[in-house]
Amino acid sequence: MEVQPIIARLDELFRWVPSWFIGLSIIACAILMALFLYRIAAKLLRRAFAGRFPLVNPFLDRTAGPTQLALCLLAVALVLPWAPLGDETRLDLRHVFVVAVIALIGWITIRAVDMTAARYLQNFRDVTENFIARKHVTQVRVFKRVIDTLIIMITVSTALMTFDSVKQYGVSLFASAGAAGIIVGLAARPLLSNLIAGLQIAITQPIRIEDAVIIENEWGWVEDIASTYVVVRLWDWRRMVVPLSYFIEKPFQNWTRDAASLIGAIALYVDYRADVPRIRRRLEEAVKESKLWDGAVVNLQVIDADARTVQLRALVSARNAPQSWDLRCEIREKLVAFIRDELPDALPRERAILLPSGDDDAEFVRRVVAPEKVRARAHN
């Protein structure tokens with residue numbers, strides 16, 4: 001069978017179709033073929049190796065996007081010389097191809113950083129209780145996001161520099177007076193300050209993932225540390241988003257800076273007739289009954305007294321901030337019930353003096369109720 005007659009018939013058949021449409025159709029078919037081959041190859045790899053190698057599925061999921069883009073670019077590179085396109089169209093497609101290759105390199109680099117960080121963090125799964133784990137998780141997350149931001153900035157800058165108009169603008173910008181540089185520097189100051197603050201936090205670690213903090217009179221846990229901000233999960237499930245620079249420039253409370261264990265305080269107000277040693281014994285019994293107590297600290301002290309009541313402070317320790325809060329609530333409830341049921345005389349009360357009836361009221365008031373005023377008048 002001769003090929004030349006077939007080619008001649010095809011030329012006559014598609015003579016009315018524009019050449020650029022045929023070229024773009026060939027490129028589109030090549031891209032679709034590349035995506036089809038990727039799907040077949042991915043299914044074969046999953047069936048062949050997923051059972052023996054558990055990391056095959058996560059690896060294919062994480063590299064799906066860059067791999068598909070790489071195959072599409074390879075297919076375009078193979079068919080582009082044979083596509084019937086004009087010189088101008090071919091140059092535009094080559095420019096798009098170069099930009100796509102730059103984006104692919106940046107994408108692959110980000111995926112490599114993410115996979116390396118995820119593989120490293122698999123060794124530190126217990127973040128809540130493990131101090132070392134929280135330290136490494138914080139450092140890896142901050143460094144990963146800073147590196148991702150830098151990679152994106154470099155990739156976008158490189159892609160933009162492939163356009164002649166951007167090159168000319170950049171040359172004129174650098175050649176102009178320093179006012180433009182000052183404006184750009186001021187505009188980028190929040191981003192750069194937060195990036196630098198992120199590096200400082202990763203190195204010095206004033207906060208870590210799952211640290212219990214008090215910020216702006218709100219109590220919560222550090223849920224996430226991004227490249228420019230920190231997400232604090234408040235006790236009522238709200239989220240507070242705070243810039244990274246805040247933790248470098250302003251004071252805040254970190255309850256779990258060196259250890260997760262905390263000492264909680266419980267305040268009680270009782271009457272002067274309260275049996276404090278008996279309340280102290282009940283406190284020790286109550287904390288020993290609780291599963292939230294870590295066995296470290298339990299104490300009861302009289303810390304203040306006013307005209308009506310005596311203030312007691314009970315100290316109990318727990319393994320972390322949530323357990324400390326629950327333990328304080330539990331012990332407070334038990335002590336209140338104990339004082340109410342066993343020591344009713346210890347409940348706070350108001351005291352008043354009842355004046356006797358009769359003609360001696362004025363004399364009683366003069367001698368008992370206000371002797372100071374009587375002595376002051378006698379002295380004058």
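These legends walk through close-up views of a predicted model.

**View 1. The whole chain, before zooming in.**
The protein chain has 13 helices and eight strands. Of its 380 residues, 32% count as buried. The accessible surface adds up to about 24,700 Å², and 62% of that belongs to carbon and sulfur atoms. Take the contacts between residues at least 6 apart in sequence: 65% of them join residues at least 24 apart.

**View 2. A five-stranded open sheet.**
Here the strands run in the order β4-β3-β2-β1-β5, with antiparallel pairing. β4 and β5 are the edge strands, each pairing on one side only. Views 3 to 5 pick out parts of this sheet.

**View 3. The β2–β3 hairpin.**
β2 covers residues 218-225, and its antiparallel pairing with β3 runs over five bridges. Three residues sit between the two strands of this hairpin. To find your way across, look for V222, which stands opposite V232 in β3. As for β3 itself (residues 229-234), five of its six residues are buried, so the strand is largely enclosed by the rest of the structure.

**View 4. The β3–β4 hairpin.**
On to β4, residues 239-243, which pairs with β3 in the antiparallel sense, again over five bridges. V232 turns up once more, this time with M240 in β4 as its bridge partner. Next to look for is R233, standing opposite R239 in β4. Four residues lie between the strands of this hairpin, and W237 takes a positive phi near 75 degrees.

**View 5. N254 and what its side chain touches.**
N254 belongs to strand β5, residues 253-254. Is N254 buried or exposed? Its relative accessibility is 18%, and the cut-off for buried is under 20%, so N254 counts as buried. The side chain has polar company: the backbone oxygen of P206 is 2.7 Å away, and the side chain of D211 makes a polar contact with N254 at 3.1 Å. Setting aside neighbours within four places in sequence, N254 is in contact with P206, I207, D211, A212 and V213.

**View 6. Aromatic rings.**
The structure holds four aromatic pairs. One of them is Y246 with F247, an edge-to-face pair with 5.8 Å from centre to centre and 75 degrees between the planes. Both partners are tucked away: Y246 is buried with a relative accessible area of 12%, and F247 is buried with 4%. Elsewhere, ring pairs link W219, W221 and W255 into a cluster.

**View 7. Helix α4, end to end.**
How far apart are the end C-alpha atoms of α4? They are 23 Å apart. The helix has 16 residues (64-79), and at 1.5 Å a residue these should span 22 Å, so the model's value agrees with the expected one. While you're looking along α4, note its buried residues: A64, P66, C72, L73, A75 and V76.

Definitions and conventions. Residues numbered from 1 in each chain as written. Predicted model: local features only at pLDDT ≥ 70, side-chain atom pairs only at ≥ 80, totals over all residues. Heavy atoms only, no water. Expected span 1.5 Å × (residues − 1). Buried < 20%, exposed > 50% of the residue type's maximum accessible area, 1.4 Å probe, protein only. Phe/Tyr/Trp six-rings, centres within 6.5 Å; stacked < 30°, edge-to-face > 60°. Pairing = 2+ DSSP bridges. Contact = heavy atoms within 4.5 Å. Areas by Shrake-Rupley, 256 points an atom, 1.4 Å probe, with all protein chains shown as cover. Polar contact = N/O pair within 3.5 Å; in protein donor to acceptor, adjacent residues only side chain to side chain.
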